[in-house]
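Grab a pencil and work through a few exercises on the structure below. Each one has a task and then a solution in small steps.

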Protein chains: 2
Amino acid sequence: MITLYDLVFADDRRPSPFCWRTKLALRHKGLDWRDEPVGFTDKEKIAFAESKLVPVIHDGAKVVKDSWAIAEHLEKAYPDKPLFPDDPTRAHARFVNAWADSAVHMAIFPLIVGDLVDRVRPADKAYMLESRGKRLGTTDFAAFQANAREKGFAAFRATLEPARRILATQPFLSGAAPAYADYILFGSLMWPRCVSPTDLLEDGDVVHAWRERMLDLFDGMARRAKGP
Amino acid sequence: MITLYDLVFADDRRPSPFCWRTKLALRHKGLDWRDEPVGFTDKEKIAFAESKLVPVIHDGAKVVKDSWAIAEHLEKAYPDKPLFPDDPTRAHARFVNAWADSAVHMAIFPLIVGDLVDRVRPADKAYMLESRGKRLGTTDFAAFQANAREKGFAAFRATLEPARRILATQPFLSGAAPAYADYILFGSLMWPRCVSPTDLLEDGDVVHAWRERMLDLFDGMARRAKGP
């Protein structure tokens, strides 16, 4: 049995883009898991992994931390239904991962930081105010977010241009069917979706249409996720 | 025999990032070609291709335009020394191509537009002033470039972060050896190198170290290219 340690916000919201990658990878492989929510201030739950970051999984006796390492572990331990089809050296998925973690997350974070702070568990609020305050140089996250949104929506959508060009020619980043490269970017988009009332994507965008297909996967698993 | 129609600037400079992709792909395959320089105002040379954009190649009787289509043609016609190793669906190279054409080129262009205009062939200057003037809403390219450089160097280097993360773990974007994904980004970096006295990369950057390895390829072919 697998246990997944998943970041939890107030009212059981689960916004972590990295944990979404892992949840989709588990469903892709047809694997069940026991869910173990972890707030920012109860990281002692994952002390055994010598990590302060989720996702972490317990797969039997084996502990794996970091979403990429978990994907590699799952691919090796459960080779059916590959997460990296047609990508033996994983070059495509690795590049999409590096791009999402840098360009995409950097563009999303300022647009939702106020929403994130509003929806964190009350017990975790002080932690978040301090850690994100240090990163941004302010604790007025609502003002910071409002200011970022003045120009940030267009900049965020421009950031998605590489994915847009691929999705204009094929249904998924991985080709005809979704695989780990799709779960990476989709996880990034679940992050705002779980905390922000405003949709960051526009209706006519092929990335929006792709996200709809992703939301339908696995019997609408992500579509049913607790929203803002 | 292959003929390559390659964009030419003053004093035989060849800055086109798309033509560099093709030149490196040709060398990768071990193919020779006849060089046919084309300026902005003698596009009638490529009228047969029903294109106003280079690169275009004549491979025997076959005409291929667009750097990506040329790479696919070369891979099919000359399957030895693959341009897309371990990437049967070309997902990795396609994503890098979409990313370079959008994010990377958008970050480079404002930083070098003044240098480009200064180094275009005198006969093409009026064309370039008009076409780039329309795009930028000004024809004072020197001032535009100087202004863009105030913040643009850091933004450009941040844009390279996905490549930086991959190159921190392996010598080339394609793995242990260079292939088309490398030629794509390297072509983008040859564009400023052929026209701008200022290096856009910093010494300690792994992207800089990778570019040095790329400059050494094929007996230093790109290193010997006419510079600013």
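**Exercise 1. Find the salt-bridge partner of B:Arg14 and say how exposed each residue of the pair is.**

Step 1: B:Arg14 forms a salt bridge with B:Asp12, and their closest N and O atoms are 2.9 Å apart. A salt bridge here is a side-chain nitrogen of Lys or Arg within 4 Å of a carboxyl oxygen of Asp or Glu.

Step 2: B:Arg14 counts as buried at 11% relative accessibility, whereas B:Asp12 is partly exposed at 44%. The cut-offs: buried is under 20% relative accessible area, exposed is over 50%, and partly exposed is in between (1.4 Å probe, protein chains only).

A word on the ground rules. This is a predicted model, where local features need pLDDT of at least 70 and side-chain atom pairs count only at pLDDT 80 or more, while totals for chains, interfaces and linings use all residues. Residues are numbered from 1 along each chain as its sequence is written, chains are lettered from A and ligands numbered from 1 in the order in which they are written, and side-chain values use heavy atoms, with hydrogens and water left out.

**Exercise 2. Which residue does A:Arg14 pair with, and what does that salt bridge tie together?**

Step 1: The partner is A:Asp35, with the closest N and O atoms 2.8 Å apart.

Step 2: A:Arg14 sits in the loop between strand E1 (2–7) and helix H1 (17–28) of chain A, and A:Asp35 in strand E2 (residues 33–38) of chain A, so the pair links parts that are 21 residues apart in sequence. Helices (H or I, at least four residues) and strands (E, at least two) are DSSP runs, numbered from the N terminus.

Step 3: A:Arg14 is buried, at 11% relative accessible area, and A:Asp35 is partly exposed, at 34%.

**Exercise 3. Work out the strand order of the open sheet in chain B, and find its edges.**

Step 1: Start with E1(B) (residues 2–7). E1(B) pairs with strand E2 (residues 33–38) of chain B in the parallel sense over six bridges; two strands pair if DSSP finds at least two bridges between them. In E2(B), B:Pro37 is the bridge partner of B:Asp6.

Step 2: E1(B) also pairs with strand E3 (residues 56–59) of chain B, this time antiparallel over four bridges. E3(B) and E4(B) are antiparallel as well, over four bridges.

Step 3: Put together, the four strands run E2-E1-E3-E4 (chain B), with mixed pairing. E2 and strand E4 (62–65) of chain B are at the edges with a single partner strand each, so one side of each has no neighbour in the sheet.

**Exercise 4. Is strand E1 of chain B enclosed or open to the outside?**

Step 1: B:Ile2, B:Leu4 and B:Asp6 point one way from E1(B), B:Thr3, B:Tyr5 and B:Leu7 point the other way, and all are buried.

Step 2: That makes six of the six residues buried, so E1(B) is largely enclosed by the rest of the structure.

**Exercise 5. How much area do chain A and chain B bury between them, and how many salt bridges join them?**

Step 1: The two chains bury about 2,000 Å², 68% of it on carbon and sulfur atoms. Buried area is the accessible area (1.4 Å probe) that two parts lose on being put together, summed over both.

Step 2: A:Asp86, A:Arg94 and A:Phe95 supply 31% of the area that chain A buries against chain B, more than any other three residues.

Step 3: The count of salt bridges between chain A and chain B is zero, although the structure holds 44 over all chains.
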